[in-house]
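Student: I have not worked with this structure before. Could you take me through some of its residues?

Tutor: Certainly. Please have the sequence and the model open in front of you.

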Amino acid sequence: MPAAVEAIASSGGGITPPIMSISAFMMAEFLNISYFHIIGYALLPCLLYYTGVFSGVHFQTVRMGIEKLPPEEIPRWKDILTLERMAGLIVPTAILLYLIAIGQPLQLAGFYACVSALAVFLLVGILKRKMKETMKLIVSALSEGGRDVAQIVPILVSVSMLVNLIGLTGIAPKISGVILEIGGTNIYFSLLIATIVPFLLGTSLPVVPTYVLSVSILVPPLLKLGIDPVAAHLFFIYWAILGGVTPPTCTAAVAAAGIAKANWVKTGFFSVRLGIVAFILPYFFALNPALVGRAPWTSILSHGITGFIGAISIAYGMFSHKECLLNPMRCISFVIGGMLLLFPGNLPSVIGLAVVGIAFVIDRKILPGSMNAGSGEK
C-alpha cells in the first residue's frame, strides 16, 4: 500500500498548481492564454484528484485498523519550515510566477528562476558554512538537469517527425473521422476512443511527447464535437500522466515498489484502484466545463461541491468494506451515486445525492459496523 500511495500521489504533481508540469506551459502556448488562467482551470480537478486519493488512503487505513503515528514520530513544523529547506523552493517559484505574470516569455522566466535557485543555494551554503557540500549539490543538479534535457530533446524531435508522418499518411484524418462519426451518436464512446492513444503512449513515453502527439491528432475532432478547448487539453494531460501508474509498464509504480521493496504488479493495480477518481475524472470535466472553471461561478461552486462529495463517496465505496456477501451492493451504491454527482446537470446530482444519502443511512444505521468490521484486518 505505501508504494501505491507514493506512485499515485506523486503522479498528481504534474497537474498540481502553481507549477504543474512542462505540459501546462505548452498548453498555455497552444491555447494562447495566460499561464495563470491554466492554473485556475486546473485547480478544481486537482482538488478532486487528491480528494479521491486522500479519502481512499483514509478509508483503507481505517479498514485495516492502522493507528495514527505517535506524537514523538511526527516532525515538528520548526524542523520542516527551515531556511535551508524552504528558500530554494519558494524564491525560484515566486520569481517564475512573477515574471510570467508581468508578461515575460516562458523561456526567460524559467532561466531567471533557475539562476535564482542557484543563487539561493549558494547563499544558504555560505550562511550554513557548507560551501563544499553546496557546490557538490549544485554540480550534481546541473549534471542531472543536462541529462534530463538530453533525454527529452530526441524524444520531442521524434514525436514531431511522427506527427508529420501521421499527417502525410492520412492516419490523423481517419482517426478524427471515426471520433466524429461515433460522436454524432454517442459522445462517451468518442471520448473512450480518444483515450486509447494517450493511454497507450503514456505507458511508455514521458508526459510531454504523449501530450503533444495526442493533442496534434485528437483535439480537433473533440473540438468539433463541442468539447471545451481547455477541458480537451487537460483531458490528454491527465491521461498522459496516468499512463505512468497503469499496468503493464506503470513506470511510477515500478519505481515506488523498488523503494518500498514491494511487488510492482500489486503496486500498479492498487495504484489504479486508489486513483480511481483520477481515472474517471477526465471524462466528467470533458463533459462538464464547470469542473475546469469554464462556467459561471454559481455552476462552478455547485458542481465543485457535488464533485467533492462524489469523490469521497467513490473512495468510500472502493475501500471502506471487507469482502462479504452484503458489502458489494453497498459499495456499488456509493460508487454509482458518486459518479452521478460528477455528471453535468442538476438532475444527476440530485439523484446521486439521494443514492449516496440512502446508502449512507443503510450503511451506518441499518447495517452498522462495516467500517469497524475490518479494524482487525492487517
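Student: Let us start with a cysteine. Is Cys114 buried or exposed?

Tutor: In this predicted model, Cys114 is exposed, because its relative accessibility is 51% and the exposed class begins over 50%.

Student: And Cys331, buried or exposed?

Tutor: Cys331 has a relative accessible area of 16%, so it counts as buried. The limit for that class is under 20%.

Student: How many disulfides are there in the whole structure?

Tutor: The search of the whole structure gives 0 disulfides. A disulfide, in general, is a covalent bond that joins the sulfur atoms of two cysteines.

Student: Let us change to rings. How many aromatic pairs does the structure hold?

Tutor: There are 15 aromatic pairs. One of them is formed by Phe111 and Tyr112, with 5.4 Å from centre to centre and 65° between the planes, an edge-to-face arrangement. Tyr112 is partly exposed, given its relative accessibility of 41%.

Student: What about Tyr188 and Phe343?

Tutor: Tyr188 and Phe343 also form an edge-to-face pair, and here the centres are 6.5 Å apart with 70° between the planes. The pair links distant parts of the chain, as the two residues are 155 residues apart.

Student: Where do those two residues sit?

Tutor: Tyr188 belongs to helix α9, residues 187–202, while Phe343 lies in the loop between α16 (327–342) and α17 (346–366). Tyr188 is partly exposed at a relative accessible area of 47%, and Phe343 is partly exposed at 22%.

Student: Which residues do ring pairs link into a cluster?

Tutor: The cluster consists of Phe235, Phe236, Trp239, Phe279 and Tyr283.

Student: Which charged end sits over the ring of Tyr41?

Tutor: That is the charged end of Arg294, placed 5.1 Å from the centre of the Tyr41 ring.

Student: Now the backbone. What joins Pro17 and Pro18?

Tutor: They are joined by a cis peptide bond, with omega of about 10°. Pro18 is in the loop between α1 (2–11) and α2.

Student: What is the phi of Asn32?

Tutor: Asn32 has a positive phi of about 55°, although it is not a glycine. Asn32 is located in the loop between α2 and α3 (35–64), and it is exposed, with 70% relative accessible area.

Student: And what is the phi of Lys261?

Tutor: For Lys261, phi is positive at about 55°, and this residue is not a glycine either. The loop between α12 (251–260) and α13 holds Lys261, which counts as exposed at 71% relative accessibility.

Student: You mentioned α13. Where is Thr267, and is it buried or exposed?

Tutor: Thr267 is part of helix α13, which covers residues 264–274. Its relative accessible area is 6%, so Thr267 is buried.

Student: What is Thr267 in contact with?

Tutor: Apart from neighbours within four places in sequence, Thr267 is in contact with Ala3, Ala4, Ala253, Ala257 and Ala262.

Student: One last residue, Ala28. Where is its place?

Tutor: Ala28 is in helix α2, residues 22–31. Ala28 is buried, because its relative accessibility is 8%.

Student: Which residues does Ala28 touch?

Tutor: If residues up to four places away in sequence are not counted, Ala28 touches Ile33, Tyr35 and Ile38. As for Ile280, which is 252 residues from Ala28 along the chain, the C-alpha atoms of the two are separated by 24 Å.

Technical notes
Residues numbered from 1 in each chain as written. Predicted model: local features only at pLDDT ≥ 70, side-chain atom pairs only at ≥ 80, totals over all residues. Heavy atoms only, no water. Helix = DSSP H or I, 4+ residues; strand = E, 2+ residues; numbered from the N terminus. Buried < 20%, exposed > 50% of the residue type's maximum accessible area, 1.4 Å probe, protein only. Contact = heavy atoms within 4.5 Å. Disulfide = S-S within 2.5 Å. Phe/Tyr/Trp six-rings, centres within 6.5 Å; stacked < 30°, edge-to-face > 60°. Lys NZ or Arg CZ within 6 Å of the ring centre and 35° of its normal.
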